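Welcome, and thanks for opening the viewer. Keep the selection tool handy, and let us walk through this model one stop at a time.

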Amino acid sequence: MIKVHHLNESRSQRILWLLEELELPYEVVKYERDANTRRAPDSLKKVHPLGKSPVITDGEKTVAETGAIIEYILRKYGKGKLMPAPDTDDYFTYAQWLHYAEGSAMTPFLMTLFNGFLGEAGAPLQPILDAECKKQLDYIDLTLSKQPYLMGAELTGADINLSFVLEAAGSRGWLKEYPALTEYVKRLQARAPYQRALETGGPYSFVMQA
């Protein structure tokens, strides 16, 4: 059985959601952030040297990085669900979106978070980061203003991976100018498997208010 090493209020919430979408049995091993630093506990380093979540164990196999975990689960257990067939052109569009989420999309938002810790010292960098964040939201909006999910009419693993980026953006008010992205996040969060994952994973502050 897959074990999800789940850090509260973290990206690992997406893996619980994925497993619920597939209706796969799984076990959750919970970890709590330090109340002062908000960092993951050192006990996660016993699972993977980076000490970060998400990470899963499946028998003797340990897999880290959200995109890799999604690929691993869908290829091994998905039975063709939530991804195009690997020998199709659609697969490469899907793979681009899947890896974009933790690459180009997430980077400026993370940098903005860290830059905020610098106070006035970070002020010169903030306009650049703001422009880069807007560039990413504009790019995503080009697709989601035309169709309900990244690949068209159906949810895929790429949507699950991208969800955290837009949830985080929404929690900071950055989606106010993007009604299509706001509706997209609400659409994802309204899914029954998403709601079941919330019940399993515990409090999650990125849920968008109705």
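**Stop 1: the largest pocket**

Let us begin with the largest pocket, which holds about 1100 Å³ of space. Its lining counts 36 residues, and you can find its centre by selecting R11, R33, R39, L110 and L113, the lining residues closest to that point. Keep in mind as you look around that this is a predicted model.

Now colour the lining by residue type. You should find 16 nonpolar residues, nine polar ones and eleven charged ones around the largest pocket.

Which helix gives the most to this lining? Select helix 3, residues 89-116, to see the answer: helix 3 supplies seven residues of the lining of the largest pocket, the most of any element. Then add helix 5, residues 157-171, to your selection; helix 3 and helix 5 each contribute at least two residues here.

**Stop 2: the second largest pocket**

Next, select D130, C133, K134, L137, G173, W174, E177 and Y178, which together line the second largest pocket. The space here comes to about 150 Å³. By residue type, the lining of this second largest pocket splits into four nonpolar residues, one polar and three charged.

**Stop 3: helix 1**

Clear your selection and pick residues 13-22, which make up helix 1. Is helix 1 mostly covered or mostly open? It is mostly covered, with ten of its ten residues buried. Click along it and you will pass Q13, R14, I15, L16 and W17, then L18, L19, E20, E21 and L22, each of them buried.

Take one step past the end of helix 1 and stop at E23, where the backbone has a positive phi of about 55 degrees.

**Stop 4: the cavity**

Stay close to your helix 1 selection for the last stop. How many cavities of 30 Å³ or more are there? The count comes to one, and the volume of this largest cavity is about 30 Å³. To outline it, select Q13, R14, W17, S163, E167, Y194 and Y204, the residues that line the largest cavity. Helix 1 and helix 5 are the elements that each give two or more residues to this lining. Helix 1 gives the most, with three residues.

Colour this last selection by type, too: the lining of the largest cavity has three nonpolar residues, two polar and two charged. Two of the residues you clicked along helix 1, Q13 and W17, are both buried and part of this cavity lining.

Key. Residues are numbered from 1 along each chain as its sequence is written. This is a predicted model: local features need pLDDT of at least 70, side-chain atom pairs count only at pLDDT 80 or more; totals for chains, interfaces and linings use all residues. Side-chain values use heavy atoms; hydrogens and water are left out. On a 1 Å grid over the protein atoms alone, a cavity is a set of points where a 1.4 Å probe fits but cannot get out, and a pocket is an open set with protein on both sides within 12 Å along at least five of seven lines; lining residues have an atom within 4 Å of a point. Grid points are joined across faces, edges and corners, and a volume is the space filled by probe spheres set on the points. Helices (H or I, at least four residues) and strands (E, at least two) are DSSP runs, numbered from the N terminus. Ala, Val, Leu, Ile, Met, Phe, Trp, Tyr, Cys and Pro count as nonpolar, Asp, Glu, Lys and Arg as charged, and the others, Gly among them, as polar. Buried means under 20% relative accessible area, exposed over 50%, partly exposed in between (1.4 Å probe, protein chains only).
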